Amino acid sequence: MINAIGVLESNSISRGIEVADHMLKSGTVDLLESKPACPGKYITIIYGDVGSVENSMSMGKDMVESFYVDSIIIPNVHPMVIHAVAGIPDPFEMGAIGVMEFFSIAGAIYAADAAVKAANVSIVNMRLGIAIGGKSYVTLTGDVGAITSAVEAGVEEGKQHGLLFHYNVIPSPHKQLLEKLV
């Protein structure tokens with residue numbers, strides 16, 4: 001049963017690839033993402049049952065040694081977060097939008113999970129530290145009240161687990177902007 005996600009960041013691409021391989025061989029987890037991230041980091045994102053994710057992450061953290069940057073495990077992660085990280089968002093209807101921006105990949109994932117659990121919103125997209133100076137951001141949509149609640153919850157979680165940079169709620173975004181956000 002998929003109910004946990006784990007993220008491991010290292011500051012060595014070659015070590016990150018080696019560690020990802022060992023993490024996958026250490027247990028019954030699946031690979032969601034494994035790629036370089038700005039600025040010169042490497043991220044591995046796995047998912048599976050909580051125990052398997054915890055075991056694989058523990059082994060990965062031990063193996064990455066001095067190249068360790070950050071790691072997270074989110075048990076009971078919302079399925080929409082896994083889909084967004086994989087680049088396959090769930091169907092949604094555009095409404096108001098909320099954007100949360102972070103200096104960390106972990107902060108964005110924590111915030112996205114908290115936001116979708118707090119209110120009836122959808123994730124439009126999630127960019128995790130690639131080609132944007134290492135920043136990460138999450139774009140949400142829903143009605144104005146739900147977006148406001150979701151962004152508040154995501155920002156609070158993001159402050160605790162990441163480096164929040166900025167956030168906003170746009171109650172009635174222009175149609176041309178909405179088309180480009182997808």
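Is G133 buried or exposed? At 62% relative accessibility, G133 counts as exposed, since the cut-off for that class is over 50%. The legends below describe close-up views of a predicted model.

**View 1. G133 in the loop between β6 and β7.** The residue is found in the stretch that links these two strands. Its C-alpha lies 11 Å from that of S104, with the two positions 29 residues apart in sequence numbering.

**View 2. The open sheet β6-β7-β5-β8.** Four strands make up this sheet, and their pairing is antiparallel. Strands β6 (122-128) and β8 are at the edges; each has a single partner strand, so one side of each lacks a neighbour in the sheet. On average, neighbouring strands are turned by 10° against each other, direction ignored. Strand β5 (residues 96-102) pairs with strand β7 (residues 136-142) over seven bridges, in the antiparallel sense. V99 has T139 in β7 as its bridge partner.

**View 3. The largest nonpolar core and a separate one.** The largest core has 39 residues, of which I45, V81, M100, I109, I123, M126 and L140 touch the most other members. Helix α4 (residues 105-118) supplies the largest share, nine residues. Another core, of 10 residues, lies apart from it and includes L8, V29, I46 and V64.

**View 4. A nonpolar patch on the surface.** The patch is formed by F103, L163 and F165, which together have about 300 Å² of accessible area. L163 sits in the loop between α5 (144-161) and β8 (164-170). With 52% relative accessibility, L163 counts as exposed.

**View 5. The salt bridge between E9 and K41.** The two side chains meet at 2.8 Å, N to O. E9 belongs to strand β1 (residues 4-10) and K41 to strand β3 (residues 41-48), so the pair ties together parts that are 32 residues apart in sequence. E9 and K41 are both buried.

**View 6. Salt bridges of D21 with K25 and of E33 with K35.** The count for the model comes to seven salt bridges. In one of them, the side chains of D21 and K25 meet at 2.8 Å, N to O. These residues are four apart in helix α1 (residues 13-25), so about one helical turn separates them. D21 is partly exposed, at 32% relative accessible area, whereas K25 is exposed, at 63%. E33 and K35 meet in a salt bridge of 3.7 Å, N to O, and K35 is partly exposed, with a relative accessible area of 26%. R15, E18 and E65 are joined into one network by salt bridges that share partners.

Definitions and conventions
Residues are numbered from 1 along each chain as its sequence is written. This is a predicted model: local features need pLDDT of at least 70, side-chain atom pairs count only at pLDDT 80 or more; totals for chains, interfaces and linings use all residues. Side-chain values use heavy atoms; hydrogens and water are left out. Patches are made of residues with over 30% relative accessible area and no salt bridge: like charges are joined within 9 Å, nonpolar side chains (Val, Leu, Ile, Met, Phe, Trp, Tyr) within 5 Å. Accessible areas come from the Shrake-Rupley method with a 1.4 Å probe; for residues, only the protein chains shown count as cover. A salt bridge is a side-chain nitrogen of Lys or Arg within 4 Å of a carboxyl oxygen of Asp or Glu. Buried means under 20% relative accessible area, exposed over 50%, partly exposed in between (1.4 Å probe, protein chains only). A nonpolar core is a set of buried Ala, Val, Leu, Ile, Met, Phe, Trp, Tyr and Cys residues joined through side-chain atoms within 4.5 Å. Two strands pair if DSSP finds at least two bridges between them. Axes are lines fitted to C-alpha atoms, for helices over the stretch in contact, and angles run from 0 to 180 degrees between N-to-C directions.
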